Structure formats: C-alpha cells, structure tokens
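Me: I'd like to go through this structure and ask what stands behind the labels. Can you show it first?

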Amino acid sequence: MTSTAPENRYAVIGNPIEHSRSPFIHQEFGRQTGIALQYDRILAPVDNFAHSVKQFFDQGGRGLNVTLPFKEAACALAAENLSSRAQLAGAVNTLWMDDGRLHGCNTDGVGLLSDIRRLGVTLAGRKVLLLGAGGAAKGVLLPLLQARCAQLHIANRSAQRAYDLRERAIRVAPRRAERLSAGALDAIVGPWDVVINATSSSLGTATLNLPDTLYAPGALAYDMMYGAQATSFLLQARAHGASVLADGLGMLVGQAAASFAIWHRVQPKVEPVLAALRQQLQHT
Ligand code: NDP
C-alpha cells in the first residue's frame, strides 16, 4: 500500500464489514479525480462504535461511511450538526469533521435519485410508490419528496410504521404534506409510474403480495437490493408489465459519489465505477 498522509484517510465502518464495496468505489473515484486517498474497512465492536469513531478522527482521519448496524448511532454522535436529510432519516451514512465538530449526512436518497436520473426516468409530476418504512425508506424519503412527484405513497407491511414515517416527514417538509400518503402493503391500488422496493423482502426468494395492476405504461420498478441475478421483486415486476427494471447497485455507487463530493468537493463519475462493479458482481 502506498503511504498516504493522515489527512487523506477515509474508511467505512460497520459490523460485519468484509463484504463492503466502498473501498473499491472510493479508490476508483480517487483515481478518476486525481485525489490520493487511503480508504479502509473498520470493524467496530457492536458495543463500542463511539470509541472507534473518536479514535479514527483523533488519528487524523477525514471521513467515515457508516453501515449496518451503526447508522442510528452515527446520527446520535453527530446530533448537533445534521443535514435535514439525516434528521428525517434518523440515520447517518457519512461523517466528517469541520471546525473540530462532527457532522453527519445521509446520502442514500441522493444516490437513489441520481440513479433514477441515470436510467432516464423523471420523478417530477409522476406517481411514486415507496414500499417499506425501515431505514432505507427513511433515508430516501426527503429527496423523493423534494423531487416534486405528483404523489408519493409509502406502503409498509406494518401500516403503522408507514403512517409514522409520513408524520415524521411532514414535520420536516410541511409544504409537501398533501402529496404524501401512507398505508398498508396489502391495500395498494395501482397504477404507479415508479415503484421503489425499500423492503428487505428480496433477501429471500419470496415475492411481495402485490397486485398485477401496479405498473402504469412505461413504469420503472426499482429494487434497492442488488445481486448477480435479478431479485424476486424485479422478476415479479417484469411479469406484471414494468417497462424499466433496475436494482440498487447504481444507488450504492451514487450514495458513495455524494459522500465523496461532501468530503472532497469534487463530483466523481458514477458510470465507469458502476460498470466495473457490475462486472465484479457477475463473476462472484
Ligand atoms: P430495515 O430492516 O430497516 O427495514 C426492512 C423493511 O422491509 C421494513 O419496512 C419491513 O416491514 C420490510 N419487510 C421485511 N421483510 C418483508 C416481507 N417479507 N414482506 C414485506 N415487507 C417486509 O432494512 P433497511 O431499510 O435498512 O433495508 C431495506 C433494503 O434496502 C435491504 O434490502 C437493503 O439491502 C437495501 N438497501 C440498499 C441500499 C443501496 O445503496 N442499494 C442502501 C440501503 C439499503 P415491517 O416494518 O413491516 O417489518
């Protein structure tokens, strides 16, 4: 490994962490933009995340990406200096120091939106259905609302979590209230122009119980989950007539690009890194 000045040290922190593709992505961004950086993986003890973060920044580290199970803990650590996206999400995936204070942001939503743009799909004026009300849904809700959709509906297996998330979003963005609705997963009525799966259902092979009238002509089906094969959600979407299908690999690279831009004030190109990652995924 080349020696890198401490001020150029970055890392992703989580538990487990070996699987993380963030080092590859950030090193590629660094190469692309001519920024020399070191980007490591940090395995933090589940009960001592705060200590690991302090140690990293005390030793001159510049920025951390945070992954499961620490996104909420990172939000608490940076509570004094959170972006509005992080406040709504209650979760932080990007940490950095400024003027000796810890700052936190959630770039998942920006990553999703940039990937949807890459696919040539516009959200403004469209009917958007968000499936799920967990951490990933919370992370993308504010940017989705700000994209001026005609309607954004949150549907979740446990309907109460969907209602709670709507209430929370309205407190942060009251002017968007009339465009935001919520309900149970088994009460959805189509059609929708864009359907985003932010549930973890694709981790298994079971499909969600969704009506076959979910997709409007030309609709996008987007699964935040990604893998070598099409997910069960995307297979079902294809059978139900969705026109554009995408998994969450582009979102992963997009959220990393947004973190990179916060830290380095340079916007890297997503496409070449996404293509390289896709190739890697297909060979694993
Ligand atoms: P959480 O555990 O916080 O939330 C899980 C959500 O999935 C809840 O809404 C839960 O509903 C719902 N759910 C789980 N199983 C089922 C099922 N069988 N049927 C219906 N609903 C179900 O997970 P996250 O929000 O953190 O992650 C969700 C997905 O997003 C994961 O697949 C993750 O990999 C992906 N993700 C991708 C990212 C990317 O960059 N591509 C970034 C972040 C996440 P209920 O509330 O009723 O339990």
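Reply: Sure, starting with the ligand: one of its oxygen atoms is 3.5 Å from a polar backbone atom of Gly134. Keep in mind that this is a predicted model, where local features need pLDDT of at least 70, side-chain atom pairs count only at pLDDT 80 or more, and totals for chains, interfaces and linings use all residues. Residues are numbered from 1 along each chain as its sequence is written, and side-chain values use heavy atoms, with hydrogens and water left out.

Me: What makes the pair of Ala133 and the ligand a polar contact?

Reply: A polar contact is a pair of N or O atoms within 3.5 Å; within protein, one must be able to donate a hydrogen and the other to accept it, and residues adjacent in sequence count only if both atoms are side-chain atoms. A backbone N or O atom of Ala133 is 3.0 Å from a ligand oxygen, so the pair qualifies. Gly248 also has a backbone N or O atom 3.0 Å from the ligand, this time from a nitrogen atom. As for cover, the protein hides 74% of the 930 Å² of accessible area that the ligand has on its own (Shrake-Rupley method, 1.4 Å probe; for residues, only the protein chains shown count as cover).

Me: Which residues surround the ligand most closely?

Reply: The closest are Gly135, Ala136, Asn156, Arg161 and Met224, out of 21 surrounding residues (a heavy atom within 4 Å counts as near). By class, that shell has 10 nonpolar, 9 polar and 2 charged residues.

Me: Why is the contact between Asp58 and Lys54 called a salt bridge?

Reply: The term needs a side-chain nitrogen of Lys or Arg within 4 Å of a carboxyl oxygen of Asp or Glu. The side chains of Asp58 and Lys54 come to 2.7 Å, N to O, so the label fits. Both residues lie in helix α2 (residues 49-58), 4 residues apart, about one turn of the helix. The whole structure has 7 salt bridges.

Me: What is the omega of the cis peptide bond between Leu68 and Pro69?

Reply: Omega is about 5 degrees there, and Pro69 is in the loop between β3 (63-66) and α3 (71-77). The bond from Gly190 to Pro191 is cis too, with omega near 0 degrees. Pro191 belongs to the loop between β8 (180-184) and β9 (192-197).

Methods
Nonpolar A, V, L, I, M, F, W, Y, C, P; charged D, E, K, R; others polar. Helix = DSSP H or I, 4+ residues; strand = E, 2+ residues; numbered from the N terminus.
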